[in-house]
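Welcome to this short tour of a protein model. Please take a moment with the sequence and the 3D view below, and then read on.

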Amino acid sequence: MLGILGGMGPHASAEFLRTIYETAGERHGASAEQELPRCLLDSDPAFPDRTEAIRAGRDREFSERLRQRLRNLAEQGATRIVLTCVTAHHFTRWLDPGLTGRLISLVDVVLDDLEVGGDGPFLMLATSGTREAKVFESHPRWPAVAHRVLLPPAGTQEEIHRLLYRLKREPAGAEHAGRVEDLVVQYGCRGVIAGCTEVHLLTRWWQARAGGPLVLDPLRSIANDLPKLLED
């Protein structure tokens with residue numbers, strides 16, 4: 001069974017669940033709903049802001065709360081777990097192997113997609129907390145794909161951070177999507193990396209309109225590969 005620790009933000013994790021069932025439905029065709037995967041979603045918007053926790057040095061405090069919620073999912077039968085917040089992956093280093101072994105790391109999935117995604121560059125869309133904690137850059141596999149990623153300069157990074165937080169409060173729409181598309185053109189990028197799960201809301205918005213840039217979205221990749229991931 002797949003466990004999903006969400007609520008960070010709640011709309012992104014809810015849409016991820018929708019993506020899982022839409023993708024599985026396409027895979028199974030006209031099969032009965034009983035063929036669809038069982039998922040357990042714990043959506044907890046009360047988790048402290050991840051960027052603020054990183055800046056305040058509240059690593060241990062946040063990690064303990066994270067440990068409790070992941071353990072609850074495991075005790076309820078989740079064999080694999082998706083933590084639907086990239087910034088929160090910073091805190092997984094303080095978890096015990098029994099929990100990290102169940103996680104499907106969004107960072108790992110992004111790096112997998114970069115390895116097979118061809119030439120970039122891909123514009124990184126991530127929170128400032130993710131950037132400051134070097135959630136991607138500290139990964140052992142980062143040097144092999146770093147040349148395919150454009151990390152935006154400080155001013156643009158702050159704008160991206162604000163846009164991502166707007167997506168927590170506002171429905172994804174043409175204004176948000178258009179600004180990302182402008183940045184892709186401005187920096188001469190081939191596409192974007194969903195380095196924040198709020199970007200999944202834009203992925204779905206573009207998909208519904210059969211447009212938008214190429215998006216390396218780990219939540220969409222997990223939905224596509226879920227049968228294999230649950231077998232591993």
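## Two domains

The protein chain is divided into domain 1 (2-105 + 220-231) and domain 2 (107-217), with bounds that come from an automatic or database domain assignment. Taken over C-alpha atoms, the centres of domain 1 and domain 2 are 19 Å apart.

Before going further, a word on the basis of this report. This is a predicted model, in which local features need pLDDT of at least 70 and side-chain atom pairs count only at pLDDT 80 or more, while totals for chains, interfaces and linings use all residues. Residues are numbered from 1 along each chain as its sequence is written, and side-chain values use heavy atoms, with hydrogens and water left out.

## Where the domains meet

Domain 1 and domain 2 bury about 2100 Å² between them, 49% of it on carbon and sulfur atoms; buried area is the accessible area (1.4 Å probe) that two parts lose on being put together, summed over both. On the side of domain 1, Val-86, Ser-105 and Arg-220 lose the most area to domain 2, together 32% of what that side buries.

How many salt bridges are there between domain 1 and domain 2? The count is three, where a salt bridge is a side-chain nitrogen of Lys or Arg within 4 Å of a carboxyl oxygen of Asp or Glu. The elements that give two or more residues to the side of domain 1 that touches domain 2 are α1 (10-28), α2 (50-56) and α11 (218-231). Helix α1 gives the most to that side, with seven residues. Helices here are DSSP runs (H or I, at least four residues), as are strands (E, at least two), numbered from the N terminus.

## Salt bridges

Side chains of opposite charge can pair when their charged atoms come close. The whole structure holds 17 salt bridges. Four residues, Glu-15, Arg-18, Glu-22 and Arg-204, are linked in a network of them. Within this network, Arg-204 and Glu-15 meet at 2.7 Å, N to O, and Glu-15 also pairs with Arg-18, the closest N and O atoms being 3.4 Å apart. Glu-15 and Arg-18 are three residues apart in helix α1, so about one helical turn separates them.

Another salt bridge joins Asp-112 and Arg-141, with the closest N and O atoms 2.6 Å apart. Asp-112 lies in helix α5 (residues 106-116) and Arg-141 in the loop between α6 and α7 (142-145), so the pair ties together parts that are 29 residues apart in sequence. Asp-112 is partly exposed at 34% relative accessible area, and Arg-141 is partly exposed at 25%. For these labels, buried means under 20% relative accessible area, exposed means over 50%, and partly exposed lies in between (1.4 Å probe, protein chains only).

## Cysteines without partners

A disulfide is a covalent bond between the sulfur atoms of two cysteines. The structure holds zero disulfides, counted as pairs of cysteine sulfur atoms within 2.5 Å. Why is Cys-189 without a bond? The closest cysteine sulfur, in Cys-196, is 17 Å from that of Cys-189, which is too far. Cys-196 is in no disulfide either, and the nearest cysteine sulfur to it, that of Cys-85, is 6.7 Å away. Cys-189 is buried at 11% relative accessible area, and Cys-196 is buried at 6%.

## A buried threonine

Thr-130 has its place in helix α6 (residues 128-132). Is Thr-130 buried or exposed? Thr-130 is buried, with a relative accessible area of 1%. Not counting residues up to four places away in sequence, Thr-130 touches Val-86, Thr-87, Val-135, Phe-136 and Gly-195, where contact means heavy atoms within 4.5 Å.
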